[in-house]
Amino acid sequence: MSKHILLTGGTGLIGRKLTDLLISKGYQVNHLSRKQGTNPEVSTFLWDVNKGQIDERCIDGVDTIVHLAGANVADGRWTDKRKKEIIESRTKSIGLIYKLLKAKPQHTVKSVISASAVGYYGDRGDNLLTETSAPGTDFLANVCLQWEHAVDAGSSLGLRLAKLRTGVVLDAKGGALAAIAKPVKFGLGSPLGTGKQWVSWIHEDDVTEMYLYAIENERITGDYNMVAPNPVTNRQLTKAVAKELHRPLWLPRVPGFALELALGEMASMVLSSQKASAQKIEDTGFKFKYPTLTWALKEIYR
Ligand SMILES: NC(=O)c1ccc[n+]([C@@H]2O[C@H](COP(=O)([O-])OP(=O)(O)OC[C@H]3O[C@@H](n4cnc5c(N)ncnc54)[C@H](OP(=O)(O)O)[C@@H]3O)[C@@H](O)[C@H]2O)c1
(Lines give C-alpha, C1' and ligand atoms only; values in the text may rest on other atoms or scores of the structure.)
Protein backbone atom coordinates (compact mmCIF):
# COMPACT_ATOMS: atom_id res chain seq x y z
CA MET A 1 0.00 0.00 0.00
CA SER A 2 1.46 3.37 -1.02
CA LYS A 3 -0.42 5.36 1.67
CA HIS A 4 -1.80 7.82 -0.85
CA ILE A 5 -5.43 8.83 -0.33
CA LEU A 6 -7.87 10.88 -2.40
CA LEU A 7 -10.62 12.52 -0.34
CA THR A 8 -13.78 14.00 -1.82
CA GLY A 9 -15.40 16.44 0.63
CA GLY A 10 -12.03 16.76 2.36
CA THR A 11 -12.81 20.38 3.30
CA GLY A 12 -15.90 19.47 5.35
CA LEU A 13 -16.39 18.83 9.06
CA ILE A 14 -15.25 15.19 8.87
CA GLY A 15 -12.88 15.67 5.93
CA ARG A 16 -10.73 18.30 7.66
CA LYS A 17 -10.21 16.10 10.72
CA LEU A 18 -9.58 12.99 8.64
CA THR A 19 -7.04 14.91 6.53
CA ASP A 20 -5.13 15.92 9.68
CA LEU A 21 -5.21 12.36 11.05
CA LEU A 22 -3.99 10.86 7.77
CA ILE A 23 -1.16 13.38 7.44
CA SER A 24 -0.12 12.69 11.05
CA LYS A 25 0.05 8.96 10.15
CA GLY A 26 2.34 9.63 7.18
CA TYR A 27 -0.25 9.50 4.38
CA GLN A 28 -0.08 11.64 1.29
CA VAL A 29 -3.48 13.33 0.88
CA ASN A 30 -5.21 14.66 -2.25
CA HIS A 31 -8.50 16.53 -2.16
CA LEU A 32 -11.09 16.72 -4.91
CA SER A 33 -12.90 19.99 -4.36
CA ARG A 34 -14.99 22.68 -6.06
CA LYS A 35 -12.44 25.30 -4.98
CA GLN A 36 -8.70 25.76 -4.58
CA GLY A 37 -7.44 24.51 -1.21
CA THR A 38 -5.65 26.44 1.50
CA ASN A 39 -3.93 23.53 3.32
CA PRO A 40 -0.29 23.51 2.09
CA GLU A 41 0.09 19.85 3.11
CA VAL A 42 -2.65 18.74 0.70
CA SER A 43 -2.73 18.59 -3.10
CA THR A 44 -6.08 19.93 -4.24
CA PHE A 45 -7.59 18.97 -7.59
CA LEU A 46 -10.74 20.58 -8.95
CA TRP A 47 -13.97 19.04 -10.18
CA ASP A 48 -17.37 20.23 -11.25
CA VAL A 49 -19.78 17.37 -10.79
CA ASN A 50 -22.65 19.01 -12.71
CA LYS A 51 -20.48 19.75 -15.71
CA GLY A 52 -18.85 16.30 -15.53
CA GLN A 53 -15.39 17.89 -15.20
CA ILE A 54 -12.60 16.36 -13.11
CA ASP A 55 -8.84 16.94 -12.99
CA GLU A 56 -7.66 13.50 -14.05
CA ARG A 57 -4.36 13.83 -12.16
CA CYS A 58 -6.30 13.49 -8.87
CA ILE A 59 -5.95 9.67 -8.87
CA ASP A 60 -2.26 9.48 -9.83
CA GLY A 61 -0.50 7.16 -7.35
CA VAL A 62 -3.65 6.89 -5.17
CA ASP A 63 -4.58 3.52 -3.61
CA THR A 64 -7.72 4.49 -1.65
CA ILE A 65 -10.53 6.97 -2.32
CA VAL A 66 -12.63 8.23 0.59
CA HIS A 67 -15.91 9.67 -0.66
CA LEU A 68 -17.34 12.25 1.75
CA ALA A 69 -18.63 14.87 -0.70
CA GLY A 70 -22.26 15.83 -0.63
CA ALA A 71 -24.44 18.92 -0.33
CA ASN A 72 -25.20 19.37 3.39
CA VAL A 73 -28.69 18.03 4.17
CA ALA A 74 -29.24 20.65 6.89
CA ASP A 75 -28.32 23.65 4.71
CA GLY A 76 -31.56 25.08 3.42
CA ARG A 77 -35.07 23.80 2.77
CA TRP A 78 -35.62 20.64 0.80
CA THR A 79 -37.04 22.12 -2.38
CA ASP A 80 -37.09 19.82 -5.41
CA LYS A 81 -33.93 21.59 -6.67
CA ARG A 82 -32.15 21.14 -3.34
CA LYS A 83 -33.19 17.48 -3.12
CA LYS A 84 -31.70 16.87 -6.56
CA GLU A 85 -28.46 18.54 -5.47
CA ILE A 86 -28.32 16.50 -2.23
CA ILE A 87 -28.62 13.26 -4.22
CA GLU A 88 -26.51 14.06 -7.27
CA SER A 89 -23.61 15.59 -5.31
CA ARG A 90 -23.22 12.09 -3.81
CA THR A 91 -24.12 9.85 -6.75
CA LYS A 92 -22.95 11.69 -9.89
CA SER A 93 -19.72 12.57 -8.09
CA ILE A 94 -18.66 8.96 -7.43
CA GLY A 95 -19.91 8.10 -10.92
CA LEU A 96 -17.53 10.71 -12.36
CA ILE A 97 -14.63 9.13 -10.45
CA TYR A 98 -15.54 5.65 -11.74
CA LYS A 99 -15.65 7.04 -15.28
CA LEU A 100 -12.12 8.38 -14.78
CA LEU A 101 -10.91 5.01 -13.40
CA LYS A 102 -12.32 3.29 -16.49
CA ALA A 103 -10.62 5.82 -18.74
CA LYS A 104 -7.26 5.25 -16.99
CA PRO A 105 -7.03 1.44 -16.68
CA GLN A 106 -3.42 1.71 -15.45
CA HIS A 107 -4.65 3.43 -12.25
CA THR A 108 -3.54 2.13 -8.83
CA VAL A 109 -6.82 2.56 -6.91
CA LYS A 110 -7.79 -0.57 -4.94
CA SER A 111 -10.45 0.64 -2.46
CA VAL A 112 -13.31 3.10 -2.12
CA ILE A 113 -14.56 3.92 1.37
CA SER A 114 -17.74 5.98 1.26
CA ALA A 115 -19.85 7.82 3.78
CA SER A 116 -23.49 6.89 4.05
CA ALA A 117 -25.85 7.64 6.94
CA VAL A 118 -28.10 5.87 9.45
CA GLY A 119 -30.86 7.84 7.73
CA TYR A 120 -30.76 4.76 5.44
CA TYR A 121 -33.12 3.05 7.89
CA GLY A 122 -35.83 5.77 8.00
CA ASP A 123 -37.96 6.21 11.14
CA ARG A 124 -37.77 2.91 13.05
CA GLY A 125 -38.94 3.48 16.64
CA ASP A 126 -37.25 1.20 19.18
CA ASN A 127 -36.06 -1.47 16.68
CA LEU A 128 -32.36 -2.28 16.97
CA LEU A 129 -31.03 -1.68 13.45
CA THR A 130 -28.31 -3.89 12.02
CA GLU A 131 -26.73 -3.58 8.60
CA THR A 132 -29.20 -6.17 7.26
CA SER A 133 -32.28 -4.21 8.42
CA ALA A 134 -34.49 -3.01 5.58
CA PRO A 135 -34.10 0.57 4.33
CA GLY A 136 -36.69 3.24 5.09
CA THR A 137 -38.91 5.01 2.60
CA ASP A 138 -38.49 8.72 3.41
CA PHE A 139 -36.32 11.22 1.53
CA LEU A 140 -33.11 10.65 3.52
CA ALA A 141 -33.47 6.88 3.24
CA ASN A 142 -33.87 7.31 -0.49
CA VAL A 143 -30.75 9.51 -0.61
CA CYS A 144 -28.71 6.83 1.20
CA LEU A 145 -30.06 4.04 -1.02
CA GLN A 146 -29.11 5.89 -4.20
CA TRP A 147 -25.74 6.92 -2.71
CA GLU A 148 -24.82 3.35 -1.72
CA HIS A 149 -26.07 2.02 -5.07
CA ALA A 150 -23.83 4.52 -6.91
CA VAL A 151 -20.84 3.45 -4.79
CA ASP A 152 -21.63 -0.25 -5.42
CA ALA A 153 -21.15 0.33 -9.16
CA GLY A 154 -17.41 0.22 -8.33
CA SER A 155 -17.59 -3.55 -7.80
CA SER A 156 -17.52 -4.02 -11.59
CA LEU A 157 -14.10 -2.28 -11.49
CA GLY A 158 -12.76 -4.85 -9.01
CA LEU A 159 -12.56 -2.33 -6.16
CA ARG A 160 -12.91 -3.09 -2.44
CA LEU A 161 -15.97 -1.12 -1.33
CA ALA A 162 -16.96 -0.09 2.20
CA LYS A 163 -19.92 2.11 3.11
CA LEU A 164 -20.02 3.61 6.57
CA ARG A 165 -23.55 4.49 7.71
CA THR A 166 -22.74 7.41 9.94
CA GLY A 167 -24.85 8.51 12.88
CA VAL A 168 -25.00 12.02 14.36
CA VAL A 169 -21.38 13.14 14.63
CA LEU A 170 -20.66 14.90 17.94
CA ASP A 171 -18.23 17.71 17.25
CA ALA A 172 -18.10 20.89 19.35
CA LYS A 173 -17.28 23.09 16.38
CA GLY A 174 -20.22 22.37 14.11
CA GLY A 175 -22.89 19.95 12.98
CA ALA A 176 -25.77 18.67 15.10
CA LEU A 177 -24.22 19.07 18.56
CA ALA A 178 -23.53 22.78 18.06
CA ALA A 179 -27.18 23.19 16.98
CA ILE A 180 -28.44 21.34 20.08
CA ALA A 181 -26.06 23.17 22.44
CA LYS A 182 -26.88 26.70 21.22
CA PRO A 183 -30.38 27.03 22.77
CA VAL A 184 -29.22 25.02 25.81
CA LYS A 185 -26.46 27.60 26.47
CA PHE A 186 -29.14 30.33 26.57
CA GLY A 187 -31.27 28.25 28.96
CA LEU A 188 -33.75 27.61 26.12
CA GLY A 189 -33.04 23.94 25.35
CA SER A 190 -35.78 21.33 25.28
CA PRO A 191 -36.36 17.85 23.88
CA LEU A 192 -37.83 17.71 20.39
CA GLY A 193 -41.07 15.92 19.47
CA THR A 194 -41.78 13.10 21.93
CA GLY A 195 -38.09 13.17 22.95
CA LYS A 196 -38.28 9.36 22.81
CA GLN A 197 -36.78 9.03 19.32
CA TRP A 198 -33.38 7.29 19.30
CA VAL A 199 -30.28 9.19 18.30
CA SER A 200 -27.37 7.06 17.10
CA TRP A 201 -24.45 9.36 17.84
CA ILE A 202 -20.67 9.00 17.48
CA HIS A 203 -17.74 11.10 18.73
CA GLU A 204 -15.81 12.87 15.95
CA ASP A 205 -12.54 11.09 16.91
CA ASP A 206 -14.17 7.68 16.54
CA VAL A 207 -15.42 8.74 13.09
CA THR A 208 -11.93 9.55 11.81
CA GLU A 209 -10.42 6.49 13.55
CA MET A 210 -13.03 4.27 11.89
CA TYR A 211 -12.26 5.74 8.45
CA LEU A 212 -8.56 5.04 9.10
CA TYR A 213 -9.45 1.51 10.23
CA ALA A 214 -11.46 0.91 7.03
CA ILE A 215 -8.59 2.28 4.92
CA GLU A 216 -6.00 0.04 6.60
CA ASN A 217 -8.01 -3.20 6.95
CA GLU A 218 -8.72 -4.85 3.64
CA ARG A 219 -11.24 -7.22 5.20
CA ILE A 220 -13.57 -4.25 5.85
CA THR A 221 -16.00 -4.49 2.95
CA GLY A 222 -19.72 -3.82 2.60
CA ASP A 223 -21.94 -1.81 4.98
CA TYR A 224 -21.12 -0.87 8.56
CA ASN A 225 -23.04 1.29 10.99
CA MET A 226 -20.70 4.06 12.13
CA VAL A 227 -22.29 4.71 15.52
CA ALA A 228 -21.20 4.41 19.15
CA PRO A 229 -22.41 1.26 20.92
CA ASN A 230 -24.76 3.17 23.27
CA PRO A 231 -27.44 5.16 21.42
CA VAL A 232 -29.60 7.52 23.50
CA THR A 233 -33.00 9.15 23.11
CA ASN A 234 -33.34 12.78 22.03
CA ARG A 235 -34.40 13.64 25.60
CA GLN A 236 -31.35 11.89 27.09
CA LEU A 237 -29.05 13.67 24.64
CA THR A 238 -30.52 17.12 25.38
CA LYS A 239 -30.37 16.46 29.14
CA ALA A 240 -26.76 15.27 28.95
CA VAL A 241 -25.70 18.37 26.97
CA ALA A 242 -27.48 20.66 29.50
CA LYS A 243 -25.79 18.84 32.40
CA GLU A 244 -22.36 19.16 30.81
CA LEU A 245 -22.94 22.87 30.13
CA HIS A 246 -24.38 23.39 33.66
CA ARG A 247 -27.63 24.83 32.29
CA PRO A 248 -31.20 24.08 33.40
CA LEU A 249 -33.72 22.35 31.14
CA TRP A 250 -37.07 23.79 32.13
CA LEU A 251 -38.96 24.35 28.87
CA PRO A 252 -41.60 21.84 27.72
CA ARG A 253 -40.91 19.63 24.73
CA VAL A 254 -41.16 21.26 21.29
CA PRO A 255 -44.11 19.43 19.72
CA GLY A 256 -43.44 17.55 16.50
CA PHE A 257 -46.16 19.39 14.56
CA ALA A 258 -44.51 22.75 15.39
CA LEU A 259 -41.22 21.48 14.01
CA GLU A 260 -42.99 20.15 10.93
CA LEU A 261 -44.63 23.57 10.43
CA ALA A 262 -41.29 25.36 10.80
CA LEU A 263 -39.04 22.93 8.93
CA GLY A 264 -41.39 21.01 6.63
CA GLU A 265 -40.04 17.62 5.56
CA MET A 266 -36.64 18.49 7.10
CA ALA A 267 -38.18 17.96 10.56
CA SER A 268 -37.63 14.23 9.94
CA MET A 269 -33.91 14.83 10.58
CA VAL A 270 -34.63 15.44 14.28
CA LEU A 271 -37.92 13.58 14.75
CA SER A 272 -37.14 10.21 13.20
CA SER A 273 -35.80 7.42 15.38
CA GLN A 274 -32.78 5.25 14.55
CA LYS A 275 -31.35 2.90 17.15
CA ALA A 276 -28.42 1.50 15.20
CA SER A 277 -26.16 -1.32 16.37
CA ALA A 278 -22.35 -1.02 16.46
CA GLN A 279 -21.94 -4.80 16.84
CA LYS A 280 -20.76 -5.56 13.29
CA ILE A 281 -17.77 -3.20 13.37
CA GLU A 282 -16.96 -4.15 16.99
CA ASP A 283 -16.91 -7.82 15.94
CA THR A 284 -14.08 -6.99 13.52
CA GLY A 285 -11.97 -5.71 16.43
CA PHE A 286 -12.63 -1.97 16.18
CA LYS A 287 -12.49 -0.31 19.61
CA PHE A 288 -14.43 2.88 20.30
CA LYS A 289 -12.53 5.53 22.24
CA TYR A 290 -15.83 7.12 23.35
CA PRO A 291 -18.43 4.34 23.78
CA THR A 292 -20.67 6.32 26.15
CA LEU A 293 -22.27 9.73 25.71
CA THR A 294 -20.95 10.96 29.06
CA TRP A 295 -17.34 10.28 28.03
CA ALA A 296 -17.87 11.82 24.62
CA LEU A 297 -19.43 15.04 25.96
CA LYS A 298 -16.83 15.35 28.73
CA GLU A 299 -14.06 15.24 26.13
CA ILE A 300 -15.84 17.71 23.84
CA TYR A 301 -16.64 20.28 26.58
CA ARG A 302 -13.60 19.72 28.77
N1 LIG B 1 -21.56 15.16 10.08
C2 LIG B 1 -22.53 14.27 10.33
O3 LIG B 1 -23.14 14.27 11.43
C4 LIG B 1 -22.86 13.22 9.29
C5 LIG B 1 -23.80 12.22 9.62
C6 LIG B 1 -24.12 11.27 8.66
C7 LIG B 1 -23.53 11.29 7.40
N8 LIG B 1 -22.63 12.28 7.12
C9 LIG B 1 -22.07 12.31 5.76
O10 LIG B 1 -20.65 12.30 5.79
C11 LIG B 1 -20.14 13.13 4.73
C12 LIG B 1 -19.20 14.16 5.33
O13 LIG B 1 -19.92 14.88 6.32
P14 LIG B 1 -19.50 16.34 6.81
O15 LIG B 1 -20.28 16.64 8.02
O16 LIG B 1 -18.02 16.46 6.82
O17 LIG B 1 -20.09 17.21 5.59
P18 LIG B 1 -19.85 18.76 5.26
O19 LIG B 1 -19.12 19.45 6.36
O20 LIG B 1 -21.16 19.32 4.83
O21 LIG B 1 -18.83 18.70 4.00
C22 LIG B 1 -19.17 18.05 2.82
C23 LIG B 1 -18.23 18.43 1.69
O24 LIG B 1 -18.85 18.07 0.46
C25 LIG B 1 -18.51 18.97 -0.57
N26 LIG B 1 -19.75 19.43 -1.22
C27 LIG B 1 -20.75 20.16 -0.68
N28 LIG B 1 -21.70 20.40 -1.60
C29 LIG B 1 -21.27 19.81 -2.74
C30 LIG B 1 -21.80 19.72 -4.06
N31 LIG B 1 -22.99 20.30 -4.38
N32 LIG B 1 -21.09 19.03 -5.00
C33 LIG B 1 -19.90 18.46 -4.69
N34 LIG B 1 -19.34 18.53 -3.47
C35 LIG B 1 -20.03 19.19 -2.51
C36 LIG B 1 -17.80 20.17 0.08
O37 LIG B 1 -16.43 20.14 -0.33
P38 LIG B 1 -15.80 21.29 -1.30
O39 LIG B 1 -16.40 22.58 -0.85
O40 LIG B 1 -14.33 21.17 -1.03
O41 LIG B 1 -16.17 20.92 -2.70
C42 LIG B 1 -17.94 19.92 1.58
O43 LIG B 1 -16.79 20.29 2.29
C44 LIG B 1 -21.35 13.78 4.04
O45 LIG B 1 -21.64 13.10 2.85
C46 LIG B 1 -22.47 13.60 5.05
O47 LIG B 1 -23.75 13.48 4.47
C48 LIG B 1 -22.28 13.24 8.03
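This note goes through the sheet, the helices packed on it, the ligand site and one glycine of a predicted model.

1. The sheet. Eight strands form an open sheet with mixed pairing, in the order S4-S3-S2-S1-S5-S6-S8-S12. Its edges are strand S4 (53–54) and strand S12 (222–226), each of which pairs on one side only.

2. The S4 edge. S4 is joined to strand S3 (residues 43–48) by two bridges, and the sense of this pairing is antiparallel. Within this pairing, Gln-53 in S4 has Asp-48 opposite.

3. Helix H2. Residues 80–103 make up helix H2, which packs on the sheet. The strands that H2 touches are strand S1 (4–8), strand S2 (28–33), S3, S4, strand S5 (64–67), strand S6 (111–117) and strand S8 (160–166). The direction of H2 makes about 165° with that of S5.

4. Helix H5. Helix H5 (residues 204–216) lies across S1, S5, S6, S8 and S12. Relative to S8, H5 runs at about 165°.

5. Polar contacts of the ligand. Two backbone contacts come from Gly-12 and Leu-13: an N or O atom of the Gly-12 backbone is 3.1 Å from a ligand oxygen atom, and for the backbone of Leu-13 the distance to a ligand oxygen atom is 2.9 Å. A side chain also takes part, with an N or O atom of Asn-72 lying 3.0 Å from an oxygen atom of the ligand.

6. Cover of the ligand. On its own the ligand has 890 Å² of accessible area, and the protein covers 85% of this. Helix H1 (13–24), H2 and S6 are the elements that give two or more residues to the shell around the ligand.

7. Make-up of the shell. There are 23 residues around the ligand, and those that come nearest are Thr-11, Ile-14, Ser-33, Lys-35 and Arg-90. Sorted by class, the shell has nine nonpolar, 10 polar and four charged residues.

8. Gly-9. This residue sits in the loop between S1 and H1. Leaving aside residues up to four places away in sequence, Gly-9 touches Gly-15, Leu-32, Leu-68 and Ala-69. From Gly-9 to Gly-125 the separation is 116 residues in sequence and 31 Å in space, C-alpha to C-alpha.

Methods
Residues numbered from 1 in each chain as written. Predicted model: local features only at pLDDT ≥ 70, side-chain atom pairs only at ≥ 80, totals over all residues. Heavy atoms only, no water. Pairing = 2+ DSSP bridges. Helix = DSSP H or I, 4+ residues; strand = E, 2+ residues; numbered from the N terminus. Contact = heavy atoms within 4.5 Å. Axes fitted to C-alpha atoms, helices over the stretch in contact; angles between N-to-C directions. Near = heavy atom within 4 Å. Polar contact = N/O pair within 3.5 Å; in protein donor to acceptor, adjacent residues only side chain to side chain. Areas by Shrake-Rupley, 256 points an atom, 1.4 Å probe, with all protein chains shown as cover. Nonpolar A, V, L, I, M, F, W, Y, C, P; charged D, E, K, R; others polar.
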